[in-house]
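Please look first at the sequence and the model shown below, and keep both in view while reading. The report then moves from the whole chain to a few chosen places.

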Amino acid sequence: MSEPSHGAGEKVREGLKETLADTTQLGGTPNTPGDPSGAAGYGRPDSTESGVDGPVRQPVVPGTPAGVDPVEANVLYADRITIRFGGLTAVDNVSFAIPPKSVVSLIGPNGAGKTTFFNVLTGLYEATEGAVYLNGKDITPVKPHKRAAMGLARTFQNIRLFGLMTAEENVMVAMHSHLKAGVMSTIIRTPGQRREEREARETARELLDYVGIGKTVGELARNLSYGDQRRLEIARAMALKPKVLLLDEPTAGMNPQESANFNDFVYRVRDEKDISVLLIEHDMSVIMKISERITVLDRGAMIAEGTPDDIRNNQQVIEAYLGKTGTREGKRLPKPGDAQAGGVAVAAPTTTTDGEQA
Ligand SMILES: Nc1ncnc2c1ncn2[C@@H]1O[C@H](COP(=O)(O)OP(=O)(O)OP(=O)(O)O)[C@@H](O)[C@H]1O
């Protein structure tokens with residue numbers, strides 16, 4: 001799904017060198033026999049649970065204390081998701097939890113199933129099997145825009161903004177689902193409708209300030225710098241008053257300083273706004289610094305889940321990215337100008353700003 005960008009391959013190579021390839025020095029914890037993934041408790045429920053009516057909840061979910069119901073304990077919980085495209089199983093029986101006020105990441109080599117899984121969480125794809133719960137509610141049949149209104153907001157790998165609208169207007173559009181004014185009051189502009197619009201404008205400005213682009217309020221989205229467009233997308237997602245923010249490649253195209261600031265920003269969002277953040281991100285240095293927990297997919301299956309240290313030292317993850325001999329199946333070696341390094345694709349900083357809506 002990712003598109004190449006020159007120079008970015010180098011960034012990924014550096015990130016991988018720093019994080020994955022350095023395990024011998026870091027003295028990682030080897031995987032336990034019988035649990036090569038380091039992801040005990042994930043996967044199919046054990047035989048004692050089979051045959052139970054309704055959703056079968058797993059006994060142990062990493063990040064969720066044993067004996068605690070993952071549906072209740074997590075702001076978002078995906079229960080044994082499988083997605084098949086014809087004969088291809090893009091995601092195979094993957095469970096995933098986002099605890100309240102957390103920053104978690106989903107990583108994996110090209111074609112691992114990250115975007116597909118992300119799309120199931122947001123409702124863009126319907127899972128072949130499994131269920132998604134938001135704030136304890138089964139949202140499996142709920143359409144994307146309703147999920148957004150329920151507190152699940154997202155940004156896109158390729159930025160989607162209304163290019164010919166101002167930054168402020170882009171944010172106000174997203175507030176639509178929270179505004180009360182009906183068609184009639186909008187047409188005749190009742191005092192209530194005018195007050196609501198004024199408040200929406202104020203909130204939009206506050207959000208733009210919050211993401212650090214308050215000065216761009218009256219500028220057309222398409223004239224903003226790439227980094228500012230990314231921030232505008234986040235402001236717009238936050239206008240939905242989400243409980244969970246799903247960020248797809250948020251630092252793609254950002255310069256190193258913007259990437260560094262991004263970490264602080266995400267923690268502020270978590271701490272001040274009480275929002276959990278899920279990132280799909282190819283920049284390993286960002287992932288390892290920012291994530292409290294990381295889930296790793298490979299060829300549709302979850303191969304590991306844990307803290308950055310767990311993941312950095314997990315042999316299966318290292319092999320998934322770099323292969324046993326440093327080249328996975330001999331086709332993932334980075335070449336000069338190659339957009340892939342160690343099987344990690346780098347999103348191009350492409351932008352869609354004309355007439356598209358998130
Ligand atoms: N709509 C679709 N129809 C058929 N196959 C699909 C579809 N979307 C994804 N796939 C396949 O599912 C698998 C997982 O793809 P996905 O894009 O989710 O991986 P990814 O981890 O996001 O990859 P990347 O890092 O390259 O973006 C791939 O083999 C892909 O070709």
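Two residues are in contact if their C-beta atoms, placed from the backbone, lie within 7 Å. By that rule, residues 24 or more positions apart account for 69% of the contacts in the protein chain with a separation of 6 or more. This is a predicted model, in which local features need pLDDT of at least 70 and side-chain atom pairs count only at pLDDT 80 or more, while totals for chains, interfaces and linings use all residues. Residues are numbered from 1 along each chain as its sequence is written.

Helices (H or I, at least four residues) and strands (E, at least two) are DSSP runs, numbered from the N terminus, and the protein chain has 13 helices and 12 strands. A residue is called buried if 20 or more other C-beta atoms lie within 10 Å of its own, exposed if 12 or fewer do, and partly exposed in between, with the C-beta atoms placed from the backbone. Of the 358 residues of the protein chain, 47% count as buried.

**An open sheet and its helix**

Two strands pair if DSSP finds at least two bridges between them. An open sheet of 4 strands, with antiparallel pairing, has the order 2-1-4-5. Strand 2 and strand 5 are the edge strands, since each of them pairs on one side only. Strand 1, made of residues 76-85, pairs with strand 4 in the antiparallel sense over 5 bridges, and Tyr 77 stands opposite Tyr 133 in strand 4. Helix 4 (residues 114-122) packs on this sheet and touches strand 1, strand 2 and strand 4, and its direction makes about 120 degrees with that of strand 1; here axes are lines fitted to C-alpha atoms, for helices over the stretch in contact, and angles run from 0 to 180 degrees between N-to-C directions.

The loop between strand 4 (129-134) and strand 5 (137-138) holds Gly 136. Why does Gly 136 count as exposed? Gly 136 counts as exposed because it has 12 C-beta neighbours inside 10 Å. Leaving aside residues up to four places away in sequence, Gly 136 touches Val 71 and Glu 72. Gly 136 and Leu 322 are 186 residues apart in sequence, and their C-alpha atoms are 38 Å apart in space.

**A hairpin and two positive phi values**

Strand 10 and strand 11 pair in the antiparallel sense over 5 bridges, and the bridge partner of Thr 295 is Glu 305 in strand 11. The two strands, strand 10 and strand 11, form a hairpin with 2 residues between them. Strand 11 is largely enclosed by the rest of the structure, because 6 of its 6 residues are buried.

Most residues other than glycine have a negative phi. The table lists two residues with a positive phi although neither is a glycine.

| Residue | Phi | Place | Other C-beta atoms within 10 Å |
|---|---|---|---|
| Asn 93 | about 55 degrees | strand 2 (residues 88-98) | 17 atoms, partly exposed |
| Arg 299 | about 50 degrees | loop between strand 10 (293-298) and strand 11 (301-306) | 15 atoms, partly exposed |

**An enclosed helix**

Helix 6 (residues 167-175) is largely enclosed by the rest of the structure, because 7 of its 9 residues are buried. Which are the buried residues of helix 6? They are Ala 167, Glu 168, Asn 170, Val 171, Met 172, Ala 174 and Met 175.
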